[in-house]
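I opened my notebook to look for enclosed empty space. After that I turned to a sheet.

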Amino acid sequence: MSTIRQWQLRAAFAVRLSEMYGREVPAYTTLVDVSREVNEDVLRARGADAERLGSIGRVTAERHGAIRVGTPGELRQVARVFAALGMHPVGFYDLREAAASAVPVVSTAFRPVDGEELARNPFRVFTSMLTSADPRFFDPDLRARLETFLARRELFPPELLTLADRAAADGELPADEAERFLGLAVRVFELSKEPVDRAWYRTLEKVSAVAADIGGVRGTHINHLTPRVLDIDELYRRMTDRGVEMIDTIQGPPAWKGPDVLLRQTSFRALAETRPMRTEDGSVVSGSLRVRFGEVEARGIALTRTGRAHYDELLGRVDEQASQNPTAARGDIARAVWERHMPAGEEELAAQELAYFTYRLADGRPRDGGRPPTHAGELVRQGWVLAEPIVYEDFLPRSAAGIFQSNLTGEGTRDNDQQGTAYDADWLSGAIGREVLDPFALYEQQQNRSLAHVARALGLIGPLR
């Protein structure tokens with residue numbers, strides 16, 4: 001009997017999820033079509049340079065999804081489903097502190113971590129959990145009602161979890177079980193047709209539209225599915241020209257002439273979707289909710305901890321200058337700050353240890369018998385090795401919160417006189433029952449492995465600096 005490996009399950013799940021989301025949210029299909037058009041145009045114009053941060057095959061197939069759950073128990077079940085696909089929790093994101101609006105969630109992203117697995121299919125899912133214990137959002141009575149409601153629902157059928165555990169343990173599934181697993185998994189993330197309790201939903205919506213989307217319904221669903229594009233500014237223009245209403249900004253670093261770093265994101269606005277609503281007298285009426293939208297992303301080079309601190313400092317400068325010049329375009333301010341303070345080339349990023357690279361021997365390296373230097377930057381400068389940027393595979397809390405906030409129906413409420421409940425990566429690891437991995441450590445390991453290989457090949461003693 002044929003078997004389906006984890007990466008094949010992951011690729012098939014991403015495709016089927018995309019097909020389902022396209023049927024339910026037709027504007028997503030438009031987003032995918034325009035992304036493909038832009039990528040083809042960029043590839044024709046820039047040639048091989050367009051694939052510096054990933055082959056066009058990878059970029060075209062690349063997706064990330066976003067889901068929301070209500071409890072640590074639900075999050076543990078999510079982890080079991082994604083473990084079947086070879087996806088691990090990476091990074092901790094506290095959107096409560098990153099958003100001006102009420103966004104009472106903490107998040108992680110499930111994704112592959114091995115370089116070969118990422119090259120095969122880099123599907124990732126940004127997963128948020130409601131922080132019902134935070135008294136800034138939920139008073140004791142509402143918290144008790146919310147947690148009772150969440151405890152009574154079942155998001156993931158037992159058969160799905162059993163198949164997921166088998167795939168995670170064996171690294172594969174027989175073809176018939178793989179088909180059953182994929183069907184059940186996709187169905188979980190479809191938009192439920194079950195009537196929504198209108199009064200309960202509105203109670204939570206007063207606190208946060210995100211809280212209502214998570215805790216006001218008896219199921220979960222995919223909130224957005226995100227293709228990757230090579231020129232997000234051009235995509236924004238083309239989507240607008242097609243009459244699709246986009247959010248006001250592109251989140252993340254500005255467009256500029258230097259290297260792309262980290263992540264830029266934007267989306268079309270959440271659409272009003274018809275949903276059955278159960279009223280106080282028990283009757284069912286037609287209503288509408290705005291909870292799903294279409295996001296798109298452009299990925300750049302992964303920054304080191306030092307580089308990320310520098311990035312955050314530049315954001316602070318942009319914020320300060322924007323507040324002092326409210327009539328100036330924020331994008332213009334950010335571009336000017338970047339051009340003054342961000343290295344203008346990859347070599348300088350590497351030399352200042354602001355970004356992560358992998359290193360390999362250059363075909364045309366010196367052959368005069370001279371000893372190679374022991375510093376990676378000098379090896380690159382003198383032509384001994386080539387530095388290739390490591391693509392940023394993760395997310396930015398401020399950008400994620402900005403996307404959430406841009407698609408909310410209201411600001412919600414937040415009692416800042418209350419002390420917020422503490423959540424961190426260690427807490428989340430305990431809640432999930434498996435370690436939440438540090439993205440910086442993953443990038444550093446990838447870089448260090450390549451440096452060790454170069455050092456051995458050149459006969460150098462000790463690690464390269």
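First, a term: a cavity is a set of grid points where a 1.4 Å probe fits but cannot get out. A volume is the space filled by probe spheres set on those points. The model I used is predicted.

**Entry 1: cavities.** I looked for cavities of 30 Å³ or more and found two. The largest holds about 50 Å³ of space. The second largest holds about 30 Å³.

**Entry 2: the largest cavity.** Which element gives the most to its lining? I found that α17 does, with three residues. Both β2 (63-69) and α17 (397-406) supply at least two residues each. I listed the lining residues, among them His64, Phe126, Glu295 and Phe404. By type, I noted six nonpolar, three polar and one charged.

**Entry 3: the second largest cavity.** I read off its lining: Arg68, Asp213, Ile214, Gly219, Thr220, His221 and Asn223. These divide into one nonpolar, four polar and two charged residues.

**Entry 4: the sheet.** I traced an open sheet of five strands in the order β3-β4-β5-β2-β8, and its pairing is mixed. Why is one side of β3 and of β8 left without a neighbour in the sheet? β3 (88-94) and β8 (224-227) stand at the edges, and each has a single partner strand, so one side stays free of a neighbour. From one strand to the next, the twist averages 20 degrees.

**Entry 5: one strand pair.** I checked β4 (residues 105-111) against β5 (residues 124-130). They run antiparallel, and six bridges join them. Opposite Val106 I found Met129 in β5.

Note on methods. Residues are numbered from 1 along each chain as its sequence is written. This is a predicted model: local features need pLDDT of at least 70, side-chain atom pairs count only at pLDDT 80 or more; totals for chains, interfaces and linings use all residues. Side-chain values use heavy atoms; hydrogens and water are left out. On a 1 Å grid over the protein atoms alone, a cavity is a set of points where a 1.4 Å probe fits but cannot get out, and a pocket is an open set with protein on both sides within 12 Å along at least five of seven lines; lining residues have an atom within 4 Å of a point. Helices (H or I, at least four residues) and strands (E, at least two) are DSSP runs, numbered from the N terminus. Ala, Val, Leu, Ile, Met, Phe, Trp, Tyr, Cys and Pro count as nonpolar, Asp, Glu, Lys and Arg as charged, and the others, Gly among them, as polar. Two strands pair if DSSP finds at least two bridges between them. Axes are lines fitted to C-alpha atoms, for helices over the stretch in contact, and angles run from 0 to 180 degrees between N-to-C directions.
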